[in-house]
Amino acid sequence: MERTAVLEQFDVMRVRKDFPILTRTVNGKPLVYLDNGATTQKPQQVIDAIVNYYTQMNSNVHRGVHHLSQLATDAFEVTRHKLQPFIHAAHEHEIILTKGTTESINLVANCYGKAFVHAGDEIIISAMEHHSNIVPWQIMCEERGALLKVVPINDAGELDMDAYRSMLSDRTRLVAMTYVSNALGTINPVNEIIALAHAAGAPVLLDAAQAVQHLTIDVQALDVDFLAFSGHKMYGPTGVGVLYGKEKWLNAMPPYQSGGEMIKEVTFAKTTYNELPFKFEAGTPNIEAGICLAHAIDYLMDIGLDNIARYEHELLDYATQRLLRIPGLRIIGTAKEKSSVVSFLLEGAHPYDVGVILDKLGIAVRTGHHCTQPLMDRYGIPGTVRASIALYNTREDIDALVAGVERAASMLI
Ligand SMILES: *Cc1c(COP(=O)(O)O)cnc(C)c1O
């Protein structure tokens with residue numbers, strides 16, 4: 001594939017041309033899409049790939065000898081092949097294709113739990129986790145008789161690293177933390193989190209659902225044991241996600257679901273399991289999404305994650321400064337290291353009402369607890385209004401948001 005040397009300077013207007021949905025109107029106003037933390041829009045390259053799949057190669061994968069099945073299988077495996085350098089994995093077979101972050105974390109909670117967690121063991125998570133990185137551990141801890149420990153945060157939304165250090169012990173069986181908080185935007189000090197866990201003999205799972213689309217990730221440099229993320233938040237299709245796992249852990253874990261694809265040989269007396277990665281990929285996968293994720297990866301790599309990070313960070317600073325000038329507006333999540341999320345409250349207004357007024361103006365944000373109810377409880381608030389930034393957002397989008405919030409303030413307060 002030819003690398004177009006796009007964007008020495010980040011050319012956001014050119015990027016926007018790749019996203020056809022951005023030209024539509026909502027409630028008679030140009031769409032301002034600032035709900036990227038929930039899901040991102042898709043570039044034409046990904047949309048074309050979806051159409052191409054169904055018009056040219058629809059067929060089941062890893063099965064038939066016929067031509068279409070070969071085409072589909074090859075295209076599906078191209079995605080795994082591209083994911084390896086994308087996250088700098090040592091081996092392609094360390095990449096398991098799942099439905100998304102949620103399934104990736106459930107897989108580890110189930111399979112790692114069965115193999116390694118016993119009564120009296122401890123799992124460590126943090127106070128800022130998404131429900132997807134809380135509930136699977138709660139269930140697993142209950143089943144295995146283990147204890148779930150939660151690292152607290154300070155008011156800025158940063159992990160209390162002293163508390164974390166003091167929680168680690170030889171009872172710690174795994175640490176599961178988010179790389180970037182979906183509700184606060186905090187970028188956690190993952191290098192230190194991993195080094196400390198390893199010193200205590202515990203592996204680490206990172207929830208990278210809000211990280212892969214914003215930051216360059218190198219699983220080997222991080223020395224992370226498991227990494228989970230979703231295709232639909234990184235400009236790819238819904239219904240596909242990734243679990244990276246170090247080979248030694250994946251080999252030591254029992255399969256997740258069972259059925260076709262994950263087996264080597266089945267008799268009624270005994271079944272032997274397939275090799276990695278297929279051991280963890282039972283049944284027909286979401287073939288279309290799996291294939292088309294490759295095009296989202298190409299898209300991100302062509303622009304360059306460092307360019308994206310730099311641009312988005314500038315936009316985040318701009319949004320933060322402008323929003324803070326609105327009287328009565330309070331930002332929730334003021335960590336020193338942040339990425340792409342501004343969560344806020346307007347004093348005297350319910351987040352939901354602010355969201356409804358913004359929607360009338362064509363501005364899409366998310367309101368509520370953002371699947372982080374314990375975190376909202378920590379702040380003693382019902383939820384926030386969250387604007388989350390992607391590579392196609394502009395200063396004009398932020399200006400529209402600020403004008404919309406000012407309008408909401410004048411109506412609600
Ligand atoms: C979205 C999200 C998830 C869940 O991802 P799904 O795609 O819904 O499986 C988990 N963690 C974080 C931090 C998220 O933002």
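**Exercise 1. Work out which residues surround the ligand, and what character that shell has.**

Start with the neighbours: Thr101, Thr102, His130, Ser132, Thr178, Asn182, Asp207, Ala209, Gln210, Ser230, His232 and Lys233 surround the ligand, where being near takes a heavy atom within 4 Å. Before going on, note that this is a predicted model, with local features needing pLDDT of at least 70, side-chain atom pairs counting only at pLDDT 80 or more, and totals for chains, interfaces and linings using all residues. Residues are numbered from 1 along each chain as its sequence is written, and side-chain values use heavy atoms, with hydrogens and water left out.

Next, sort the shell by type: one residue is nonpolar, nine are polar and two are charged. Here Ala, Val, Leu, Ile, Met, Phe, Trp, Tyr, Cys and Pro count as nonpolar, Asp, Glu, Lys and Arg as charged, and the others, Gly among them, as polar.

Now look at the atom pairs. Asp207 puts a polar side-chain atom 2.5 Å from a ligand nitrogen. Gln210 has one 2.6 Å from a ligand oxygen, and a side-chain N or O atom of His232 sits 2.8 Å from an oxygen atom of the ligand. Finally, on its own the ligand has 390 Å² of accessible area, and the protein covers 85% of that (Shrake-Rupley method, 1.4 Å probe).

**Exercise 2. Is His214 buried or exposed, and which side chain does its own side chain make a polar contact with?**

First place it: His214 is in the loop between strand S8 (204-207) and helix H8 (219-222); helices (H or I, at least four residues) and strands (E, at least two) are DSSP runs, numbered from the N terminus. Its relative accessible area is 6%, so His214 is buried (under 20%; exposed is over 50%, partly exposed in between, with a 1.4 Å probe and protein chains only).

Then find the partner: the His214 side chain makes a polar contact with that of Ser340 at 3.2 Å. Within protein, that term needs N or O atoms within 3.5 Å, one able to donate a hydrogen and the other to accept it.

**Exercise 3. Which parts of the chain does the salt bridge between Glu281 and Arg80 tie together?**

Begin with the distance: the closest N and O atoms of Glu281 and Arg80 are 2.8 Å apart. A salt bridge is a Lys or Arg side-chain nitrogen within 4 Å of a carboxyl oxygen of Asp or Glu.

Glu281 lies in the loop between strand S12 (271-273) and helix H10 (287-303), and Arg80 in helix H3 (residues 67-87), so the pair ties together parts 201 residues apart in sequence. Both Glu281 and Arg80 are buried. To finish, add Glu77: Glu77, Arg80 and Glu281 are linked in a salt-bridge network.
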